[in-house]
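Biologist: Please take a close look at one part of this model for me, the aromatic side chains and what lies around them. I'd like the reasoning as well as the values, so take your time.

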Amino acid sequence: MNSTEQFCISLLRDCKTLKNVKQIHAHACKTGLAADPFFAGNLLLHCAVSISDALDYARHLFLHTPNPDVFMYNTLIRGFSNSDSPQKSLITYSEMRRESTAPPDSFSFAFILKAAANLKSLRVGFQLHCQALAYGLDTHLFVGTTLISMYAECGCVGSAQKVFEEMFEPNVVAWNAVVTACFRCDDVKGAEKMFERMPFRNVMSWNVMLAGYTKAGELILSKKLFHEMPMKDDVSWSTMIVGFAHSGFFEEAFGFFRELRRVGVKPNEVSLTGVLSACAQAGAYEFGKILHGYIEKAGLVWISSVNNALLDTYSKCGNV
């Protein structure tokens, strides 16, 4: 990598707007760097994934790239799969199968299955599963985990569990995915069985159970599990605060927030907005004032969601 390429890649990493991307691209075109596959791939990736309004520009870059490789196809599929137009992922994937000399890889299927999940299209998801089988990629951990999530989004918990059971050595991410799938399909008992079977758990595993219980309205079970957790992070606390607040148990939500502060965990954006929402719903003006003081002292007023929650609390408590 020469000094010009290093300089442009460095600029690209710090680039936050489409306007700046276009300036870097113009410079690359003048210097001939735009024709370099490594730079072109990085430019495409940045536009497709890192900048919210640059996806159409990424498509423009892609169309003007002679003989795009699998990485470039995957990048565009990934960008569209997470966008408001996931069907464009399917179009790009079809183009890759028709025009690329290289076959789809595990990343291709993981990204395109995400698009099928976002479209909630079981038909498309099943077709992609069959193609993954044909390419021998269905048992790949990355692909298998995405298949589990896709079937769950389409409401087919049985298919999600079948994919999981056929995985050779599922890792903790796959275990967490199948537990999430059970909850996604309202199968609380199934989630509990899978959780009990887990040979190893990380804090995410416990948080998946907490989130599943609270969303299912199983607050007693979530509270019991929370106290059994060998480790807790800010997500664990915010899950309990928001879960109890949304279910109308405001005193319990306040209690979790007090305990969070007592044990020295720094509240995150979600826990703060959750407890402020509880204040607003319960009309707890004094507690809201205490929170306001803490937020100002901690320098968190700049977070727009926290600020909006503060305004909502004061307005609903009759103190505009």
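**A close look at the aromatic rings**

Modeller: Happy to! Tryptophan 175 is a good place to begin: its relative accessible area is 6%, under the 20% cut-off, so the residue counts as buried. Keep in mind that this is a predicted model. Phenylalanine 164 is buried too, with a relative accessibility of 2%.

These two residues belong together. The count of aromatic pairs comes to 13. In the pair of phenylalanine 164 and tryptophan 175, the ring centres are 4.6 Å apart and the planes meet at 70°; an angle over 60° is called edge-to-face, so that is the label here. Phenylalanine 164 sits in helix H10 (residues 157-165) and tryptophan 175 in helix H11 (residues 172-184), so the pair ties together parts that are eleven residues apart in sequence.

A second edge-to-face case is worth setting beside that one: phenylalanine 244 and phenylalanine 249 have ring centres 6.3 Å apart, within the 6.5 Å limit, and planes at 75°, so they pair in this way. Their surroundings differ in exposure. Phenylalanine 244 is buried at 4% relative accessible area, whereas phenylalanine 249, at 40%, is partly exposed. Both residues are members of one aromatic cluster, together with Phe226, Trp237 and Phe256.

Phe226 brings in a charge as well. The charged end of lysine 232 is placed over the ring of phenylalanine 226, 4.9 Å from the ring centre. There is also such an arrangement at phenylalanine 195, where arginine 201 lies over the ring face at 4.0 Å from the centre.

Now back to helix H11, by way of threonine 145. This residue is part of helix H9 (residues 141-153) and is buried, with a relative accessibility of 13%. If we set aside neighbours within four places in sequence, threonine 145 is in contact with Met167, Val173, Ala174 and Ala177. The last three of these have numbers that fall inside the residue range of helix H11, 172-184.

Met167 leads on to some empty space. Along with His129, Asp138, Thr139, Leu147, Val163 and Glu166, Met167 lines the largest cavity. That cavity holds about 50 Å³ of space, and one cavity of 30 Å³ or more is counted. Its lining is mixed: three residues are nonpolar, two are polar and two are charged.

Two loop residues round off the tour, since you may want to check their backbone angles. Lysine 120 has a phi near 55°, a positive value in a residue that is not glycine. Lysine 120 is in the loop between helix H7 (106-119) and helix H8 (122-134), and it is partly exposed at 48% relative accessible area. Aspartate 186 also has a positive phi, about 60°, without being a glycine. The loop that holds aspartate 186 runs between H11 and helix H12 (188-197). With a relative accessible area of 70%, over the 50% cut-off, aspartate 186 counts as exposed.

Conventions: Residues numbered from 1 in each chain as written. Predicted model: local features only at pLDDT ≥ 70, side-chain atom pairs only at ≥ 80, totals over all residues. Heavy atoms only, no water. 1 Å grid on protein atoms, 1.4 Å probe; cavity = no way out; pocket = protein on both sides within 12 Å on 5 of 7 lines; lining within 4 Å. Points joined across faces, edges and corners; volume = space filled by probe spheres on them. Nonpolar A, V, L, I, M, F, W, Y, C, P; charged D, E, K, R; others polar. Phe/Tyr/Trp six-rings, centres within 6.5 Å; stacked < 30°, edge-to-face > 60°. Helix = DSSP H or I, 4+ residues; strand = E, 2+ residues; numbered from the N terminus. Buried < 20%, exposed > 50% of the residue type's maximum accessible area, 1.4 Å probe, protein only. Lys NZ or Arg CZ within 6 Å of the ring centre and 35° of its normal. Contact = heavy atoms within 4.5 Å.
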